[in-house]
Each structure stands twice: as C-alpha cells, then as structure tokens.
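Trainee: Could you take me through one part of this model in close detail, strand by strand and helix by helix, and then set that part in its wider context?

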Amino acid sequence: MWKISIRSLVLALTLIGTSHGQSDDGLKVFISVDMEGITGVVSVDDASRGGKDYDYFRQTMTREANAAIEGALAAGATEIVVRDSHGSALNLLPEMLNRNSKLLRDWSEGPMYMMEGIDASFDAAIYIGYHARAGTPNGVLDHTSSGNVTDVSINGLSMPETGYNALMAGYFGVPVVFVAGDKAVCDQAEELLGNVATVAVKEGIGAAALNLHPEVAREQIREGVERALNNLDDYKPYELPAPYTLVLTLKTEQNIYRGSLYPGAKRTGDWELTFVSDDVMEIIKAYVGMRR
Ligand SMILES: [Zn+2]
C-alpha cells in the first residue's frame, strides 16, 4: 500500500508539466542487454565465458549497446543506465561502452534481475540482444530464464523474458519502446506489447541463423532507437489486469518440489506450479523464488 501510493505520487509528479511523458529532469533511458540475440551469436558457446568466440561476441554485444546509446543520445537522452543482463551479468566491456551511460554489472540477487536499476524516474526501456521464449520454432537460442523453466505464463499469456520484463517496467509506468534480437523475439514482443519498435538482427532456420552484417545491425538499432524515443507518446507501459495468475512449468521433480515450498505456491500439475497475487512485484518475486 505504501509502495503503491509512493509510486502513484512519483508518477503523478513525473507527468506534471511535461508534453511528451518526459520528466522535467530530461529524458532517462534504461537499456537491458542480453547476449543470445546479439548479431552473429548462434550457439551456447558463443555466449559463454570460456567459449572460443566469446571475447569476440562480447565486443559485438558492447557495440550493439553503444548503437542503442547513440540513438538515445540523438533523441536527447540526458541519462542512460545500461543493465548487463546475460549469464554472469559481467559481459559488457566497461571501457568500450559509450561514456554517456552508467553500467550495472553483476546480480544483486534481488528479484528484478534483467530490469534491476529501473524505477519510475525513467521515460523508456529498451531491450538489446533479446531472444524468444523456451520452445519457440526457429528461435535462436530460445529459452526462458534458467534451463529449469519450460514455460511461464501470466494471466494465460505465455511470456518470454521480454514479456515479464516489460511488465516490471510497466509496474513503474515505463513503456518498452524498442526491442532488438532475432526475428522470433521481435514477433513475440509485438504480439504481447502491441506497439513496440523492433529490429530483427537475425532470423532462425532451425538451430541456424541468417544474420545481418554487424554494422548494418548497429545502424538499424541506432536509427530505430532514435525514432522510437522521438515518438514516445506512441508507446504505453505494458500492464495486465489484476489479479495476476502465474503458472510456471519446470523440468525436474526436485525443482517442482522446491518451488512448491514457496509461500503461497500451489502445485497444480505434474510439472506445474501456480501463484496468484494482486501485485505485479509479488508475482515477480514468486517467479524468482519458485524457479530456483
Ligand atoms: Zn542471456
């Protein structure tokens, strides 16, 4: 209750005296960067520390983050937070990253993971290097969270990370305006979020992928981010009607059993756990607690 009233107050203050949903203190942009949807990345090895080409692809990842930062700066961004959202969360190369940004590295073990660092003071969220949910046909390195999760749905909608991360942004009144990754995640983002700008940097053919040249991908990301931020009014925070019903399917008996011990969780099938709440953040906390 306290949280909600403070949030409403912050949102109200944010909206007062602005013409484009942009706060008085400038345009604040949150960029979450995953790795599976970066141009050229097609195998687990490409995106794993110790992988033969990992050092190369973390540079591509950093350059793709920079393309988004440059697009945001061209649109007038005054504050940019970049969240390293893959694996160890220690992938982006700090020295190579555009100096007009701050980089959030490592996991705090709080519930927000790929969205950690966002709050109601931001005007827009952007996803770079994202991938489709587990089990997507022609999805490049498709998965949802850890390898334990077969599927997660909220109110009957099967969610890629893009979906529940957008719900977290929406909790703070922040719209997701732009998603880059493979074609499958772009399709899923559009299907779930409605109006969102996307750039597909590659298209899956089974487990293979046809990629744009990295330079072309960066150009499209830079231009796409700038255009989206120049049209902020076209994008709405992603929200679903309460109460929220989370249904999580996991892969092993150990995981299901452990997940069922989360307070309020119910085992509703052989591989299925269900949790209901009126609060988006309680749903996110339950998801994190149940999937471990
Ligand atoms: Zn990842």
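**The five-stranded sheet and its helices**

Mentor: Strand S5, residues 149-154, and strand S10 pair in the antiparallel sense over five bridges, and within that pairing the bridge partner of Val-152 is Leu-248 of S10. Helix H7 packs on the sheet, where H7 touches S5, S10 and S12, and the direction of H7 makes about 15° with that of S10. Please keep in mind throughout that this is a predicted model.

On its other pairing, S10 is joined to S12 by six bridges, and these two strands also run antiparallel; here Leu-246 stands opposite Phe-275 of S12. S12 in turn pairs with S11, again in the antiparallel sense, over three bridges. S11 and S12 form a hairpin that leaves two residues between the strands, and in this hairpin Gly-269 has Glu-272 of S12 as its bridge partner, while Lys-266 stands opposite Thr-274 of S12. Put together, these pairings belong to an open sheet of five strands with the order S6-S5-S10-S12-S11 and antiparallel pairing. The edges of that sheet are strand S6, residues 157-158, and S11, each of which pairs on one side only. When you inspect the strands by eye, it helps to recall that in a regular strand the side chains alternate between the two faces of the sheet.

The helix that deserves the closest look is H6, which lies across S10, S11 and S12 and runs at about 150° to S10. Which residues of H6 (residues 253-260) are buried? They are Asn-255, Ile-256 and Gly-259, and because they cover an arc of only 95° around the axis, they sit on the same side of H6. The general background is that an α-helix has 3.6 residues a turn, so residues three or four places apart point the same way. The buried residues of H6 pack against strand S10 (244-250), strand S11 (266-269), strand S12 (272-277) and helix H7 (280-291). On the face of H6 turned away from this buried side you will find the exposed residues Glu-253, Gln-254 and Tyr-257.

Leading into H6 is a loop from S10, and Thr-252 has its place in that loop. Is Thr-252 buried or exposed? Thr-252 counts as exposed, because it has 10 C-beta neighbours inside 10 Å, and the cut-off for an exposed residue is 12 or fewer. As a long-range reference point, the C-alpha atoms of Thr-252 and Asn-195 are separated by 37 Å, with the two residues 57 positions apart along the chain.

To place this part in its context, consider the other sheet, an open one in which seven strands follow the order S3-S2-S1-S4-S7-S8-S9 with mixed pairing. Its edge strands are strand S3 (102-104) and strand S9 (208-211), each pairing on one side only, and neighbouring strands of this sheet are turned by 20° against each other on average, with direction ignored. At the S9 edge, four bridges join strand S8 (residues 197-205) to S9, the two running antiparallel, and Glu-203 stands opposite Leu-210 of S9. Helix H4, residues 183-193, lies across strand S4 (124-130), strand S7 (176-182) and S8, and runs at about 155° to S7.

Over the protein as a whole, the secondary structure comes to seven helices and twelve strands. The radius of gyration is 18 Å, close to the 19 Å that the globule rule gives for 292 residues, so the protein is as compact as a globular protein of that length. Taken along the principal axes, the C-alpha atoms fill a box of roughly 50 × 50 × 30 Å. Buried residues make up 47% of the 292 residues, and of the contacts with a separation of 6 or more, 68% are between residues 24 or more positions apart.

Finally, a word on confidence: the mean pLDDT of the protein is 92, and 92% of its residues reach 70 or more. Over residues 1-20, however, the pLDDT is below 50, and this stretch has twelve contacts in the model beyond near neighbours in sequence. Where pLDDT is low, the predicted coordinates should not be read in detail.

Conventions: Residues numbered from 1 in each chain as written. Predicted model: local features only at pLDDT ≥ 70, side-chain atom pairs only at ≥ 80, totals over all residues. Rg over C-alpha atoms; globule rule 2.2 N^0.38 Å. Buried ≥ 20, exposed ≤ 12 C-beta atoms within 10 Å, placed from the backbone. Contact = placed C-beta atoms within 7 Å. Arc of directions from axis to C-beta. pLDDT = per-residue confidence, 0-100. Pairing = 2+ DSSP bridges. Axes fitted to C-alpha atoms, helices over the stretch in contact; angles between N-to-C directions.
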